[in-house]
Amino acid sequence: NAGRRGPLPMHRLEHPISGLFQISHGRGLSAIIPAYLIYTFNLHKDRLETLSEGLFGKKDAKLAVIKIVEWLKKVDALNGLKDLGINKESFNDFLESALRDDNNKDFIIARKKLYRNEMLEIYNLAFDYSNIDELINGLT
């Protein structure tokens, strides 16, 4: 945790990606971040609004997600897990590794516990971003 207190759920979800597939941690995070933000959008709306207001002068959670995805596209880092050569059959190994990394059996610590089925949904969202604009447009 490098001295940082609190949960690091995006890192917990990413560690198995870089660990099992020898993908850089940053590249793995770039695959997880959009899916995590979309899946947990309502839970983190307040934080995303603060981020958006500070960076873009407008208190708009959806704008924060749009701008993060735009930036990932601009730096050629918007890649789904599929683009990284990962298959969905690896997701169960990812789940087990993330749970061990967090020292829990059924969930990882986040602002709200993320259980296996929720973690799996995030991995599924992160698999293919060909419909990322539709996913973001559906956020309310």
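Colleague: Where is Asn 103 found?

Modeller: Asn 103 sits in the loop between helix 5 and strand 1 (107-108). Bear in mind as we go that this is a predicted model.

Colleague: Why is Asn 103 called exposed?

Modeller: The relative accessible area of Asn 103 is 72%, and exposed means over 50%, so the residue is exposed.

Colleague: What is phi of Asn 103 near, and what sign does the value have?

Modeller: Phi of Asn 103 is near 65°, a positive value in a residue other than glycine. Most residues other than glycine have a negative phi. Gln 22 also has a positive phi, near 50°. Gln 22 lies in the loop between helix 1 (9-21) and helix 2 (25-39).

Colleague: How do you know whether Gln 22 is buried or exposed?

Modeller: Its relative accessible area is 65%. With exposed set at over 50%, Gln 22 is therefore exposed.

Colleague: Now the helix pair. Why is helix 5 called oblique to helix 6?

Modeller: Helix 5 (residues 91-102) and helix 6 (residues 116-127) pack at an angle of about 130°, with their axes 10 Å apart. That angle makes helix 5 oblique to helix 6, because roughly perpendicular covers 65 to 115 degrees and roughly antiparallel needs over 145. The crossing of the two helices is right-handed.

Colleague: Which residues meet there, and what kinds are they?

Modeller: From helix 5 come Phe 91, Phe 94, Leu 95, Glu 96, Ala 98 and Leu 99, and they meet Arg 116, Met 119, Leu 120, Tyr 123, Asn 124 and Phe 127 of helix 6. The residues of this contact divide into nine nonpolar, one polar and two charged.

Colleague: What makes Glu 96 and Arg 116 a salt bridge?

Modeller: The side chains of Glu 96 and Arg 116 meet at 2.5 Å, N to O, and the cut-off is within 4 Å. Glu 96 lies in helix 5 and Arg 116 in helix 6, so the pair ties together parts that are 20 residues apart in sequence. Glu 96 has a relative accessible area of 34% and Arg 116 has 28%. Partly exposed runs between 20% and 50%, so Glu 96 is partly exposed, and so is Arg 116.

Colleague: How many salt bridges does the structure hold?

Modeller: Ten. One of them joins the side chains of Asp 101 and Arg 12, at 3.3 Å, N to O. Asp 101 belongs to helix 5 and Arg 12 to helix 1, so this pair ties together parts that are 89 residues apart in sequence. Arg 12, Asp 101 and Asp 102 are linked in a network of salt bridges.

Colleague: Why does Arg 12 count as buried or exposed, whichever applies?

Modeller: Arg 12 is at 13% relative accessibility, and buried means under 20%, so Arg 12 counts as buried. Asp 101, at 32%, counts as partly exposed.

Colleague: What does Asp 133 form with Lys 73?

Modeller: A salt bridge, with the closest N and O atoms 3.2 Å apart. Asp 133 lies in helix 7 (residues 132-137) and Lys 73 in helix 4, so the pair ties together parts that are 60 residues apart in sequence.

Colleague: Last one: why is Asp 60 called partly exposed?

Modeller: Asp 60 has 24% relative accessibility; that is neither under 20% nor over 50%, so Asp 60 counts as partly exposed. Asp 60 has its place in the loop between helix 3 (45-56) and helix 4 (61-74). Not counting residues up to four places away in sequence, Asp 60 touches Leu 48, Glu 49 and Ser 52.

How values were computed. Residues numbered from 1 in each chain as written. Predicted model: local features only at pLDDT ≥ 70, side-chain atom pairs only at ≥ 80, totals over all residues. Heavy atoms only, no water. Axes fitted to C-alpha atoms, helices over the stretch in contact; angles between N-to-C directions. Helix = DSSP H or I, 4+ residues; strand = E, 2+ residues; numbered from the N terminus. Parallel < 35°, antiparallel > 145°, perpendicular 65-115°, else oblique. Left-handed = near helix turned anticlockwise from the far one by under 90°. Contact = heavy atoms within 4.5 Å. Nonpolar A, V, L, I, M, F, W, Y, C, P; charged D, E, K, R; others polar. Buried < 20%, exposed > 50% of the residue type's maximum accessible area, 1.4 Å probe, protein only.
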